[in-house]
Amino acid sequence: MEDLLNLKDLANLKFSIKMKQIQSSKAVNTIQEYYFSKKLNEINELKNKGINVINLGIGNPDLPPPQQVMKALSSFALEEDVHGYQTYKGIFELRDAFAKWYKKYFNVKINPENEILPLMGSKAGIMHISLAFLDKDDEVLIPNPAYPAYASVAKIIGAKPVSYNLKEENNWLPDLQELSKTNLSKVKIMWVNYPNMPTGKKANKTLFKELIDFGIENNILICNDNPYSFILNEDYLSILSTENAFETAIELNSLSKSHNIAGWRMGAVFGNEKYINAIQKIQSNMISGMFLPVQKATIEALKIDDTWYKNLNNIYKERRKLVWKILDKLNCEYSKSSSGMFVWAKVPNKYKDGYELSDYLLEKHRIFITPGGIFGSEGNRFIRISLCTDTTTFNTVLNKIC
Ligand SMILES: Cc1ncc(COP(=O)(O)O)c(C=O)c1O
């Protein structure tokens with residue numbers, strides 16, 4: 001049996017020596033596999049060895065969507081004539097529901113005919129927007145720290161990501177005066193993301209006004225990525241509510257976190273018709289519409305009463321209290337007024353950086369938390385804990401680290 005196996009291995013080896021390797025594109029070499037994709041594999045490998053890891057890293061909502069929304073999805077899915085390709089820009093009723101949602105919560109008037117494009121999640125939107133506005137060698141302003149997709153997509157396209165720092169001492173806000181002194185002639189897009197991930201910094205009207213002025217003055221498309229607008233944030237704010245915003249800004253939003261439907265892949269981009277048309281042109285070449293029951297059930301989600309958001313946030317508030325306790329035990333510093341689905345905390349000086357604390361917790365206690373450095377160098381001294389875990393688990397973590 002052993003000999004047989006060896007012969008087989010030898011045959012495979014010969015085959016692999018002979019096999020020619022097709023080179024992947026240059027774009028592939030400009031990026032790395034998504035951090036969480038790699039980390040989840042590592043955690044799964046440990047699991048296969050019988051080692052259970054408590055994962056406090058990822059912002060994947062663990063709570064169910066609203067009951068009526070799940071029911072709507074399943075009953076629409078049982079209809080016979082809903083399974084075909086769909087229109088490229090979503091059914092009108094969905095765009096109309098998005099427009100009403102923006103009016104109700106953000107006081108922004110959006111024309112459902114031409115100022116909204118439903119997307120398969122805002123992550124897809126980041127790609128479509130970048131393809132719609134960036135040419136090779138164009139520059140893109142990207143916050144440091146930031147959601148990694150902004151820079152990866154720019155690199156895939158051959159555009160040049162240019163970091164601008166969000167510093168703790170500047171309260172995680174951009175220094176637009178400093179940025180104005182730099183050469184911005186090649187910059188086409190500036191990514192902003194408030195409420196901010198990973199820092200939890202909330203949006204404010206002054207910041208949005210300054211960003212709009214900056215965009216107009218420098219002829220830059222300001223893209224605000226706003227998926228955390230409803231999470232631990234009572235002051236719903238859209239950059240599009242700022243005067244003249246439609247001239248120079250667009251906004252992404254998503255139901256992944258606001259309605260716990262991250263797996264449905266439902267988001268939208270809002271803005272001036274000419275910008276939406278360009279993004280739509282790209283998207284129409286990439287997807288063939290979205291599953292109709294998902295579109296129809298999303299309409300139910302968008303109509304949901306305010307109490308949904310309040311109840312959801314009450315759960316997150318309870319969890320956050322436990323996370324604060326965990327962070328106190330670890331001697332980390334954090335703000336109690338942050339928004340979003342994570343707590344961002346500074347590690348004590350005895351650790352070289354957030355990676356070291358993250359590694360220590362994984363090795364010693366089998367707890368995974370995200371090192372802040374994966375979001376950029378300004379996050380090096382930080383860690384990020386996700387609130388997508390129940391209180392029992394947070395209590396377990398608390399007991400483990402005591
Ligand atoms: C800042 C930010 N933007 C976009 C996304 C992607 O969200 P979606 O599920 O809508 O693609 C995430 C998800 O974690 C995020 O943190």
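Before you start clicking, one bit of vocabulary: Ala, Val, Leu, Ile, Met, Phe, Trp, Tyr, Cys and Pro count as nonpolar, Asp, Glu, Lys and Arg as charged, and the others, Gly among them, as polar. Keep in mind, too, that you are looking at a predicted model.

**Stop 1: the second largest pocket**

Select Tyr-34, Gly-59, Lys-123, Tyr-147 and Lys-257. Of the 29 residues lining the second largest pocket, these come closest to its centre. The pocket has a volume of about 600 Å³. Now try colouring the lining by class: you should get 15 nonpolar, 9 polar and 5 charged residues. Two elements, α3 and α6, each give two or more residues to this lining.

Where does the second largest pocket lie? Colour domain 1 (29-64 + 307-401) one way and domain 2 (84-305) another. Both domains give residues to the lining, so the pocket lies between them.

**Stop 2: the largest pocket**

Next, pick out Pro-148, Ala-149, Ala-151, Ser-152 and Lys-155. They lie nearest the centre of the largest pocket, which is lined by 30 residues. The space in there comes to about 690 Å³.

Which elements should you highlight here? Those giving two or more residues to the lining are α3 (35-48), α6 (122-133), β3 (139-144), α7 (149-157) and β4 (160-165). If you show just one of them, make it α7, as this helix gives the most, with 6 residues. Colour by class again and the lining splits into 18 nonpolar, 8 polar and 4 charged residues.

Leave your domain colours on for a moment. Domain 1 and domain 2 both give residues to the lining of the largest pocket, so this pocket lies between them.

**Stop 3: the ligand**

Now select the ligand and show what is around it. There are 14 residues here, and Ser-122, Asp-225, Tyr-228, Ser-256 and Arg-265 come nearest.

Time to get the distance tool out:

- Ser-122: a side-chain N or O atom is 2.7 Å from an oxygen atom of the ligand.
- Tyr-228: a polar side-chain atom lies 2.6 Å from an oxygen atom of the ligand.
- Ser-256: a side-chain N or O atom is 2.6 Å from an oxygen atom of the ligand.

How much of the ligand does the protein bury? Taken alone, the ligand exposes 400 Å², and the protein buries 91% of that.

**Stop 4: some backbone oddities**

Here is something to know before the last stop: most residues other than glycine have a negative phi, and most peptide bonds are trans.

Go to the loop between β5 (187-192) and α9 (205-218), where you will find Pro-195. The peptide bond from Tyr-194 to Pro-195 is cis, with omega near -5°. Then move along to Pro-198, which also lies in the loop between β5 and α9. Met-197 and Pro-198 are joined by a cis peptide bond as well, with omega about 15°.

Finally, select Trp-172, in the loop between β4 and α8 (176-180). What is the phi of Trp-172? The angle is near 65°, a positive value in a residue other than glycine.

Technical notes
Residues numbered from 1 in each chain as written. Predicted model: local features only at pLDDT ≥ 70, side-chain atom pairs only at ≥ 80, totals over all residues. Heavy atoms only, no water. 1 Å grid on protein atoms, 1.4 Å probe; cavity = no way out; pocket = protein on both sides within 12 Å on 5 of 7 lines; lining within 4 Å. Points joined across faces, edges and corners; volume = space filled by probe spheres on them. Helix = DSSP H or I, 4+ residues; strand = E, 2+ residues; numbered from the N terminus. Domains from an automatic or database assignment. Near = heavy atom within 4 Å. Polar contact = N/O pair within 3.5 Å; in protein donor to acceptor, adjacent residues only side chain to side chain. Areas by Shrake-Rupley, 256 points an atom, 1.4 Å probe, with all protein chains shown as cover.
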